[in-house]
Amino acid sequence: MSDKPVTFTIDGVEITAKAGQTILQAADDAGIYIPRLCYHPSLPPGGHCRLCTVKINGRPASSCTFPADEGLVVENDTEELNDHRRRIVEMLFVEGNHYCPTCEHSGNCELQAMAYRLGLLAPTLPYFRCERELDASHKDVYVDRDRCILCGRCARASREVDHKVVFGFEGRGVHKRISVDAPHNLGETNLAAADKAAEVCPTGCIMLKRKGFAIPVGQRKYDHEPIGSEIERSRSAK
Amino acid sequence: MATAADTGKRKIVINPVTRVEGHGKVTIHIDAAGNVEQARFHIIEFRGFERFVQGRFYWEAPVMVQRLCGICPVSHHLCAAKATDVIVGADKLTPAAEKIRRLMHYGQTFQSHALHFFHLASPDLLFGFDAPVEKRNVIGVIQAYPDVAKQAVLMRKYGQEVIKATAGKKIHGTGAIPGGVNKPLSIEERDFLLKDADTMVQWSVEGLALCKKITKAGGQTLLEFGSFPSNHLSIVREDGCMDLYDGKLRAKDADGNIIFDQVAPADYLKYIGEEVRPWSYMKFPFIRSLGKENGWYRVGPLARVNNCDFIDTPLAEQERQEFMALGGGKPINATMAYHWARMIETLHSAEKIRELLNDPDLQSEDLVVAGEKRPEGIAIIEAPRGTLFHHYEVNNQTDQITRANLIVSTTNNNEAMNRAVNVVAKQYLEGKEITEGLLNHVEVGIRAYDPCLSCATHALGKMRLQVQLVGPDGEVVDEKLRG
């Protein structure tokens, strides 16, 4: 990782990264949006979802973990990479049980918004129709695992920001799931509604209770513009 | 073993009659002499929403259960929201919240009634029950009565715009939340709707006039078509006024005597029972004090106009008085009178929309209240097709729904629709060669109740129809298929 500013290109656009930035962070500052789901600006990168994969000097790598460096040639918004991203999002949809029509996070959901941005109209892969648990035991927060995409934001937020270990992973492969640090359920943990871990879920998996549909249609985050527009706007303003 | 040819018995199956939030069919058994032995309207689809919502959170119910239907989702949305009001202890909503919900509901009733009368029922009424199928459809109406058809489309559009302004979307919105609503009506939205409010009232008057003209021209034949005496159930306001959004239960018998009145929604189970019959997935509700045999009733526009003492909008009240005069003040029991009553409600809804749009409360930001939580919520609303019950039990520790019971309008009209099928079959099919036109009479009888099923049967004028001649041993002797 460079300790000095470096210059490199993304899709032919020359940008300068501050010392220590990853490619994704430098791209954000430059107003270039690289699709992502597990990345959150307040948390250390996880590199789980692979949606932010770009080609660096011709080789694929996750931009949220790859340090920016002098002279790198990065490809981002290409047909090939966007095809891969669309397929990843499609797999996330069919692996879980994502019932957008009745989900209270619809319109604010990053997974849904990413599908719209990438032009995923309907899955072509078969649904897993898996059994996932709903944990409603906590008085202020619920975990609806139907909607989990295993991004790990909750685990990182709990550990790094809240300095707790409320969430973690357990199981492997298709059996991998978000677990809680308690014998039975979330209600037994020391999670508080104000914790970062209860705020960072990109989907409707970890949600504060009793908020429901308080935000009307038309005022939700992605009602009027695609995900990533905020970052792209900063570039057009430059 | 006897065969159909031996006994001469026949079983006519109309399948599917339509989509009644699922799938419905009619079976008619005719004996050797050509007499109708039995006629039934079956709902053969299982819905399961009462099970889907178990384990889900109570605040999800208004958005989740409205997916029961794409025609009157607002009714389910609002009824569930009213039940969750009880759960969150919101005993009295803010004026803004109550009025915005009412506006949403009248928009819904307006568009649903307009859709039914003009698009679905009017082909029968304008061209005749056995007119050629090529003509007896909405395209035929557009060709023969272009002005009526255009008004019908724009009335429906207007109702949908009212819903969008209040619920956020034209179909399956999210406006009503536990204890209130999630947005006020903006000045822009108000002005957009207000500019056409007078026109909608005027077109409703004209639509009602058309309905009355057709009904009067049909005379005794139309009056007797599929008719039978019945009890009538609806909610009414405390002073007996028609109220489609909120009120207490009133039931009248065929002569207009009160069976019960001002029954609170929470007490509905003490007064209404539900019978299960093995041949239908739809239950048969009945008034407990009268028993299963005699306790069945009608709901919907006819029951509501019959049941109320007055309507609190002037034009609709004038029309109600004219309508009720036909029965000398006693309830009207003619099946085809549903259309007339429906158009009175269309006018009432248009008047209410205009009145509400002029109310400054709709711009208030005071939208949600809450109180002490309860483990149970019961609510009743008058959906376009009739009385709708939503009942939820909730685990207050986890906020999850543990049990739900929904009695939907079409269910309330179940026995009445079966009676209509029976009466029409006896009136028109006995001793005759069965033709498509005659079978349509059966559908006209069902269609009057607007049980969500008219759409599939009528929209393109060619309902999918399967008629089977079945022997007593189940052997299909003859079959005709169309559609």
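This is a guided tour of a predicted model, moving from the domains of chain A to the interface with chain B and then to single residues.

**Stop 1: the two domains of chain A**

Begin by colouring chain A in two parts, with residues 8-77 as domain 1 and residues 86-208 as domain 2. If you place a marker at the C-alpha centre of each domain, the two markers will lie 24 Å apart. Next select the residues where the domains meet, and you should find 16 residues of domain 1 in contact with 20 residues of domain 2. Between them domain 1 and domain 2 of chain A bury about 1,400 Å², with 70% of that area on carbon and sulfur atoms. On the side of domain 1 of chain A that touches domain 2, the residues divide by class into 10 nonpolar, four polar and two charged. A search for salt bridges between these two domains gives a count of zero, whereas four residue pairs are found in polar contact across their interface, both residues of each pair being at pLDDT 80 or more.

**Stop 2: A:N97**

Stay in chain A and select A:N97, which sits in the loop between helix 2 (79-95) and helix 3 (110-118). Is A:N97 buried or exposed? Its relative accessibility is 8%, and therefore A:N97 counts as buried. Display the side chain of A:N97 and follow it in two directions: it reaches the backbone oxygen of A:C130 at 2.8 Å, and it makes a polar contact with the side chain of A:D146, also listed at 2.8 Å. Leaving aside neighbours within four places in sequence, the residues in contact with A:N97 are A:R129, A:C130, A:R132, A:D146 and A:R147.

**Stop 3: two positive phi angles in chain A**

Now select A:D11, in the loop between strand 1 (6-10) and strand 2 (13-17) of chain A. The backbone of A:D11 has a positive phi of about 50°, although the residue is not a glycine, and A:D11 is partly exposed, with a relative accessible area of 35%. Then go to A:L150, in the loop between strand 7 (141-144) and helix 4 (153-161) of chain A. A:L150 is not a glycine either, and has a positive phi of about 55°; at 26% relative accessibility, A:L150 counts as partly exposed.

**Stop 4: where chain A meets chain B**

Bring chain B into view and select the residues at the contact, which takes 17 residues from chain A and 20 residues from chain B. The two chains bury about 1,600 Å² between them, and 62% of this area is on carbon and sulfur atoms. How many salt bridges are counted between chain A and chain B? The count is four, and a salt bridge to centre on is that of A:R210 and B:D399, whose side chains meet at 2.7 Å, N to O. Across the interface of chain A and chain B there are also seven residue pairs in polar contact, with both residues at pLDDT 80 or more. The side of chain A that touches chain B is made up of nine nonpolar, two polar and six charged residues.

**Stop 5: B:T335**

Move into chain B and select B:T335, in the loop between helix 13 (314-325) and helix 14 (337-357). B:T335 has 0% relative accessibility and so counts as buried. The side chain of B:T335 reaches the backbone oxygen of B:G226 at 2.5 Å. Apart from residues up to four places away in sequence, B:T335 touches several residues, among them B:F225, B:S227, B:F228, B:R298 and B:Y449.

**Stop 6: B:F310 and B:I378**

Select B:F310, in the loop between helix 12 (301-307) and helix 13 of chain B, where it is partly exposed with a relative accessible area of 26%. Beyond residues up to four places away in sequence, the contacts of B:F310 include B:R237, B:C241, B:M242, B:E317 and B:R320.

End at B:I378, found in strand 12 (residues 376-383) of chain B. B:I378 has a relative accessible area of 11% and is buried. If residues up to four places away in sequence are not counted, B:I378 touches B:A83, B:V86, B:P265, B:A266, B:Y268, B:H390 and B:H391.

Definitions and conventions:
Residues are numbered from 1 along each chain as its sequence is written. Chains are lettered from A and ligands numbered from 1 in the order in which they are written. Side-chain values use heavy atoms; hydrogens and water are left out. Domain bounds come from an automatic or database domain assignment. Contact means heavy atoms within 4.5 Å. Buried area is the accessible area (1.4 Å probe) that two parts lose on being put together, summed over both. A polar contact is a pair of N or O atoms within 3.5 Å; within protein, one must be able to donate a hydrogen and the other to accept it, and residues adjacent in sequence count only if both atoms are side-chain atoms. Ala, Val, Leu, Ile, Met, Phe, Trp, Tyr, Cys and Pro count as nonpolar, Asp, Glu, Lys and Arg as charged, and the others, Gly among them, as polar. Helices (H or I, at least four residues) and strands (E, at least two) are DSSP runs, numbered from the N terminus. Buried means under 20% relative accessible area, exposed over 50%, partly exposed in between (1.4 Å probe, protein chains only).
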